[in-house]
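Visitor: I am new to this one. Could you walk me through it?

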Amino acid sequence: MEGGGTLPETLKEERQLGHILPTSSEASSVKRSPWGFLLTGIVGGALVAVYAVATPFITPALRKICLPFVPATSKQIENVVKMLRCRRGPLVDIGSGDGRIVIAAAKEGFSAVGYELNPWLVWYSRYCAWQEGVHGSARFYISDLWKVTFSQYSNVVIFGVPQMMPQLEKKLELELEDDARVIACRFPFPHWIPDHVTGEGIDTVWVYDVSTFRGREKRP
Ligand SMILES: C[S@@+](CC[C@H](N)C(=O)[O-])C[C@H]1O[C@@H](n2cnc3c(N)ncnc32)[C@H](O)[C@@H]1O
């Protein structure tokens with residue numbers, strides 16, 4: 001038969017030129033595997049989850065004043081609690097982290113509140129307070145400390161960083177009542193003279209009674 005031997009040759013050429021569709025067995029190998037989609041979904045979901053969890057911990061570092069999450073040591077908490085003895089009235093921890101100061105204060109009988117920017121830490125704090133049986137007297141809010149007014153608190157605890165202390169000092173001086181007490185952990189306020197200092201090294205806490213610094217000369 002004329003041309004019988006040339007057909008396979010033609011097919012070969014056409015295939016090389018890409019003019020012929022793949023055979024069904026070739027087509028099935030081109031089909032996307034459902035495992036590929038699943039894997040893409042898992043990897044994508046994991047990346048989104050890591051991003052969502054990590055972002056609130058990283059963003060404080062990008063702010064003008066970087067106040068990272070560094071939890072108080074147990075000695076530091078002990079020193080704070082010691083400086084709260086004989087005190088009464090509501091307490092606030094400014095930047096409450098995982099809630100350990102608020103929970104310790106609530107265990108001492110204070111109605112204690114924490115303001116914290118990181119929602120994960122706030123949810124975790126609420127869970128810890130519930131676990132420790134003090135959820136009735138320990139409350140936590142997702143808030144920026146610079147947008148909260150602290151006038152209602154008689155006891156204020158702050159574990160800050162040196163860069164924020166001058167600005168916070170001014171804010172508290174304007175807002176707090178005369179009978180309030182401020183306890184600074186690890187870093188003191190720049191102008192106020194402490195009424196008490198306890199602990200040493202990283203566990204040092206400075207205590208300032210508002211009545212004392214209001215009675216003193218105004219700073220320049
Ligand atoms: C040094 S940690 C202290 C945590 C806790 N007070 C303690 O003693 O364990 C400071 C906390 O302040 C939070 N923070 C940073 N900037 C803040 C802001 N603008 N408003 C509220 N909280 C903030 C951080 O997320 C961090 O948890």
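Visitor: In this predicted model, how far apart are the end C-alpha atoms of residues 35-54?
Guide: UniProt, in an unreviewed entry, annotates residues 35-54 as a "transmembrane region". In the model the span is 100% helix and 0% strand. Its end C-alpha atoms lie apart by 28 Å.

Visitor: Where does the ligand sit?
Guide: Look at its surroundings. There are 20 residues around the ligand. Among those that come nearest are Asp 93, Gly 95 and Glu 116. The ligand's place is the largest pocket.

Visitor: Which residue has a polar backbone atom 3.3 Å from a nitrogen atom of the ligand?
Guide: Take the backbone contacts in turn. A polar backbone atom of Ala 72 is 2.8 Å from a ligand oxygen atom. For Leu 145, the partner is a nitrogen atom of the ligand, at 2.8 Å. The 3.3 Å distance belongs to Leu 117.

Visitor: How much of the ligand's accessible area does the protein cover?
Guide: On its own, the ligand has 590 Å² of accessible area. The share covered by the protein is 98%.

Visitor: How many residues of the shell around the ligand are nonpolar?
Guide: Sort the shell by residue type. The charged residues number 5. Another 4 are polar. The nonpolar ones number 11.

Definitions and conventions
Residues numbered from 1 in each chain as written. Predicted model: local features only at pLDDT ≥ 70, side-chain atom pairs only at ≥ 80, totals over all residues. Heavy atoms only, no water. UniProt positions renumbered as here; feature names shortened; annotations may be inferred. Helix = DSSP H or I, 4+ residues; strand = E, 2+ residues; numbered from the N terminus. Near = heavy atom within 4 Å. Polar contact = N/O pair within 3.5 Å; in protein donor to acceptor, adjacent residues only side chain to side chain. Areas by Shrake-Rupley, 256 points an atom, 1.4 Å probe, with all protein chains shown as cover. 1 Å grid on protein atoms, 1.4 Å probe; cavity = no way out; pocket = protein on both sides within 12 Å on 5 of 7 lines; lining within 4 Å. Sits in = over half its atoms within 2 Å of the grid points. Nonpolar A, V, L, I, M, F, W, Y, C, P; charged D, E, K, R; others polar.
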